Amino acid sequence: MRPNWIPPVPNSNSQLPITTPPKCPDKWAHTEIRPPLFQALVGRLWENMRNQQPIIQVEKLTIYRQGNTILKSINWKVREREHWVILGANGSGKTSLLSALNGYLMPSDGNIQVLGRTYGETDWRDLRKEIGLVSSELIKMVEPWEDGLGIVASGRKAIINSWKISRAEQVAAKKILRQIEAAHLEKRLWQVLSQGERQRLLIGRALMARPKLLILDEPCAGLDPVAREHFLNFVQRLARQRGGPSLVLVTHHVEEIMPNFSHVLLLKNGSALAQGKINVTLTPELLSRTFGAQVQLKRNRGRNRMTISQGQKGKAEF
Ligand SMILES: Nc1ncnc2c1ncn2[C@@H]1O[C@H](COP(=O)(O)OP(=O)(O)OP(=O)(O)O)[C@@H](O)[C@H]1O
Ligand SMILES: [Mg+2]
């Protein structure tokens with residue numbers, strides 16, 4: 001059964017995708033009477049076509065700032081039921097790509113489509129309500145006196161810090177707190193929370209928006225090894241959930257790639273070096289080129305471990 005925090009299929013005009021799927025031939029179009037079975041089939045067909053639209057489609061995305069080319073002609077497509085990892089060295093453009101998807105960084109050239117809507121043709125503030133975002137930037141923006149319930153509830157309107165929470169939002173936020181295994185943090189203030197607890201609440205905040213797309217920009221930064229493993233298991237459960245959001249995870253650490261992640265995008269100096277299924281794209285050769293150093297990769301039970309060669313001095317663990 002579809003979990004009830006997953007958004008229903010949009011039915012208002014404002015939520016209809018801009019790229020409309022081709023119309024089905026309808027021989028009953030001339031008459032008001034249609035057999036119920038026929039109607040059901042047309043409805044199913046329509047929903048299938050909508051589901052086949054990419055979650056993200058980026059074409060020739062280029063971004064220049066202050067004489068610097070941050071992203072160079074990126075082509076990238078995320079389809080329904082795919083979970084992506086983005087890997088790249090510091091400054092390779094990972095956060096910039098995510099900022100462009102969220103409408104915080106304007107493209108200099110190229111096209112961006114997210115959840116069927118095209119950048120420049122729709123109000124991106126509305127679309128943001130359907131994209132869950134967890135990033136270190138958000139951590140800086142939360143007021144110290146916000147409590148767990150308020151932080152999660154603020155996600156419904158895609159705002160940070162909620163002044164007034166409706167009864168319905170409270171009920172929904174409490175449900176999500178239980179779902180993210182953080183019911184005990186309901187009344188705890190942001191200022192006293194540990195890094196791991198903060199990350200967990202931000203995930204809850206992102207889920208409150210009932211996103212079809214959940215973007216995690218280095219969500220494990222600052223977590224201790226045990227908290228990180230707990231958090232990754234939680235992400236894994238989210239990835240497995242039927243009808244759950246598509247995940248895009250930015251990380252520097254290949255061991256954070258859980259088995260349910262299906263695809264990887266490798267960025268280098270603002271360009272897409274390689275992309276595709278993890279089992280064929282996450283290779284020592286491509287990782288060595290991505291990070292500009294000779295690396296080895298070991299896989300064990302669906303998890304990865306990377307070591308880098310440091311000249312003649314031996315190896316250092318990542
Ligand atoms: N608004 C801007 N103006 C000028 N340069 C920018 C701007 N935003 C980002 N950059 C530059 O673009 C490059 C890519 O930055 P970005 O934050 O996307 O890297 P990243 O891959 O997320 O790195 P990290 O792994 O360190 O988080 C950096 O060199 C950064 O200084
Ligand atoms: Mg970054």
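Confidence varies among the elements of this predicted model. Strand E9, residues 263-268, has the highest mean pLDDT of the elements, at 98. Strand E13, residues 315-317, has the lowest, at 45. Across the protein chain, pLDDT averages 83. A score of at least 70 is reached by 83% of the residues.

Two stretches score poorly. Over residues 1-26, pLDDT stays under 50. The model gives these residues 29 contacts beyond four places in sequence. Over residues 312-318, pLDDT is also below 50. This second stretch has eleven contacts in the model beyond near neighbours in sequence.

Strand E9 belongs to an open sheet of six strands. The order is E6-E7-E8-E3-E9-E10, and the pairing is mixed. In general, strands of a sheet pair through backbone hydrogen bonds, in a parallel or an antiparallel sense. The edges are formed by strand E6 (131-134) and strand E10 (271-277). Each has a single partner strand, so one side of each lacks a neighbour in the sheet. On average, neighbouring strands of this sheet are turned by 15° against each other, direction ignored.

One pairing in this sheet can be followed in detail. Strand E7 covers residues 213-217, and strand E8 covers residues 246-251. The two pair in the parallel sense, over five bridges. Leu216 stands opposite Leu249 in E8.

A helix also meets this part of the model. Helix H2, residues 94-101, lies across strands E3 (84-88), E7, E8 and E9. Its direction is about 150° to that of E7.

Conventions:
Residues numbered from 1 in each chain as written. Chains lettered and ligands numbered in written order. Predicted model: local features only at pLDDT ≥ 70, side-chain atom pairs only at ≥ 80, totals over all residues. pLDDT = per-residue confidence, 0-100. Helix = DSSP H or I, 4+ residues; strand = E, 2+ residues; numbered from the N terminus. Contact = placed C-beta atoms within 7 Å. Pairing = 2+ DSSP bridges. Axes fitted to C-alpha atoms, helices over the stretch in contact; angles between N-to-C directions.
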